[in-house]
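Q: Could you take me on a close look at one part of this model, the strands of chain B and the core they help to build? I would enjoy a connected account with the cut-offs spelled out.

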Amino acid sequence: MAVPDPRQEGRPPRPAVRAGHRLLGLIGVAFLIVLVITGVAAQHPGALGLDQRYLQSRSLLAWYGISAPDVAVMYVDQNTDYVQLGERTYRGQRRLHEVEGGLRGVTTIAGVNLVATDRGVWLYDAKARFIDRFDPPGAPLRLGTSDHAALLETDQGTFLADADFLNWSAADAPRANWVKASQPTEEQRRTFQTRYLDEVLTWERLLLDLHSGRLFGWLGPYVVDATALVLLIVAITGLILAVRPRRAPDSDQ
Amino acid sequence: MVSTSVFAGANSLSDTVYEDPDGFVAAAFAGSPPAPKALWIDAELRAALHSVLGHPPTGLRMRYWGQDGRTVWVLDEIGKHRPITSGVVIDHGAIEDIRVLVFRESRGWEIRHAFFTRQFRDARLTSTGQLTQPIDGITGATLSVRAMQRIAKAALLLHERSDEGSLTLANSR
């Protein structure tokens with residue numbers, strides 16, 4: 001009697017392959033769901049508003065190692081606080097996104113709010129809407145007024161603005177009233193720092209870090225890589241299971 | 001008198017300054033620039049700028065220099081990540097000169113070359129907000145090229161609304 005050639009009949013998949021495929025498949029699917037949701041969301045951060053929504057969880061911020069910097073400097077102008085924490089400048093509750101550099105002074109003339117830093121002077125209207133900016137020669141050192149005109153001292157001289165803040169002319173030894181910084185109270189410091197922390201961590205960053213695995217530290221990306229390999233193995237074992245013929249029904253039964 | 005560099009972003013050490021904005025403005029007026037003027041952005045102009053730039057303008061007013069139907073604008077526009085500062089001279093509604101003054105991106109600096117910028121010469125703005133002549137791109141500098149096109153359109157639009165632009169319209173009638 002001839003012995004059947006197993007290469008012609010095909011060998012049924014081993015139970016171990018099927019069991020392994022199932023286990024890896026379940027692990028892979030769990031990761032895949034997370035990756036798909038975070039990936040799709042991260043593709044459209046603007047449309048979903050993820051780059052504008054902030055997470056306020058202090059434990060999450062602590063996980064990231066994020067803490068609020070101390071108040072670098074504070075000015076009070078017309079009963080409004082101007083505070084700088086880290087690279088951010090706030091006017092009351094509102095962050096002045098345009099302002100760059102270290103705060104050097106704030107004053108208001110004819111309804112126009114001038115915010116000077118070591119990189120320039122930013123102009124705002126009464127509603128904190130950005131008007132425009134002026135880059136003087138040299139780095140500004142302090143801001144003040146002279147006979148109701150804006151005065152700016154830089155490391156290259158002193159400049160006096162016209163009524164529209166368009167022309168800044170060199171001024172020699174003007175009568176100056178320089179703006180002075182204020183010292184925040186402890187309660188104010190805490191308030192400012194809370195405000196800072198409330199706008200640090202966006203949903204976009206969280207989802208991207210979850211997607212890449214970086215949320216879980218240096219090991220996270222490797223876990224994601226391993227998951228990708230698991231999915232590859234699942235795909236390959238799935239192909240094996242699909243291509244190879246199923247076990248023939250037992251003829252004894 | 002010190003008056004320039006309004007919309008130019010503050011420069012850092014990594015920025016490449018090809019031409020000082022103050023110098024560009026002075027050169028456009030043969031060394032004697034007029035006093036700067038301000039063009040306030042009303043709702044209509046804001047919408048028009050939004051249309052050509054693809055985003056609303058950042059400020060409530062734009063500073064410029066104008067004389068005898070010519071205006072000079074120093075404008076910022078982001079190529080990919082960081083603003084490109086350009087100077088544009090408009091003469092009676094047509095671009096006379098456009099140059100990259102400060103470049104802050106890591107790629108696309110080729111737009112500073114004259115072979116590219118001279119394509120903008122004599123370009124005007126059509127009624128649909130397009131340039132009257134085609135601008136050939138540069139391989140590898142697509143976003144910078146587009147930023148320059150937006151700057152050119154914005155400058156032409158701003159010129160139309162400026163005092164000097166009104167002069168241009170009056171003379172053409």
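A: Chain B holds 5 helices and 6 strands, where helices (H or I, at least four residues) and strands (E, at least two) are DSSP runs numbered from the N terminus. Read from the N terminus, its elements follow the order β-α-β-α-β-β-β-β-α-α-α. Please keep in mind that this is a predicted model, in which local features need pLDDT of at least 70, side-chain atom pairs count only at pLDDT 80 or more, and totals for chains, interfaces and linings use all residues. Residues are numbered from 1 along each chain as its sequence is written, while chains are lettered from A and ligands numbered from 1 in the order in which they are written.

Of the 173 residues in chain B, 42% are buried; a residue counts as buried if 20 or more other C-beta atoms lie within 10 Å of its own, exposed if 12 or fewer, and partly exposed in between, with C-beta atoms placed from the backbone. Two residues are in contact if their C-beta atoms, placed from the backbone, lie within 7 Å. Among the contacts of chain B with a separation of 6 or more, 62% come from residues 24 or more positions apart.

Now to strand E5(B), which is mostly covered, with 8 of its 9 residues buried. On one side, E5(B) pairs with E4(B) in the antiparallel sense over 9 bridges; strands pair if DSSP finds at least two bridges between them. The hairpin from E4(B) to E5(B) passes through 4 residues. E5(B) also runs antiparallel to E6(B), joined by 7 bridges. The hairpin of E5(B) and E6(B) has 2 residues between the strands, and in its turn His92(B) shows a positive phi of about 50°. Thr85(B) is a handy residue to follow here: Asp76(B) stands opposite Thr85(B), and in E6(B) the bridge partner of Thr85(B) is Val102(B).

These strands feed into the largest nonpolar core, which has 38 residues. A nonpolar core is a set of buried Ala, Val, Leu, Ile, Met, Phe, Trp, Tyr and Cys residues joined through C-beta atoms within 7 Å. The residues with the most contacts inside this core are Trp73(B), Val88(B), Ile95(B), Ile151(B), Ala152(B) and Ala155(B). Two or more residues each come from helix H1 (21–28), helix H2 (43–53), strand E3 (61–67), strand E4 (70–78), strand E5 (83–91), strand E6 (94–103) and helix H4 (142–161) of chain B. H4(B) gives the most, with 9 residues. Val88(B) makes a good place to zoom in: leaving aside neighbours within four places in sequence, Val88(B) is in contact with Trp73(B), Leu75(B), Ile95(B), Ile98(B), Ile151(B), Ala152(B) and Ala155(B).

A second, separate core of 30 residues includes Tyr75(A), Tyr90(A), Val106(A) and Phe192(A). Chain A also has an open sheet of 4 strands in the order E2-E3-E4-E5, with antiparallel pairing. Strand E2 (71–77) and strand E5 (94–95) of chain A are at the edges with a single partner strand each, so one side of each has no neighbour in the sheet. E2(A) and strand E3 (residues 80–85) of chain A pair over 6 bridges in the antiparallel sense, with Met74(A) opposite Val83(A) and Val71(A) opposite Leu85(A).
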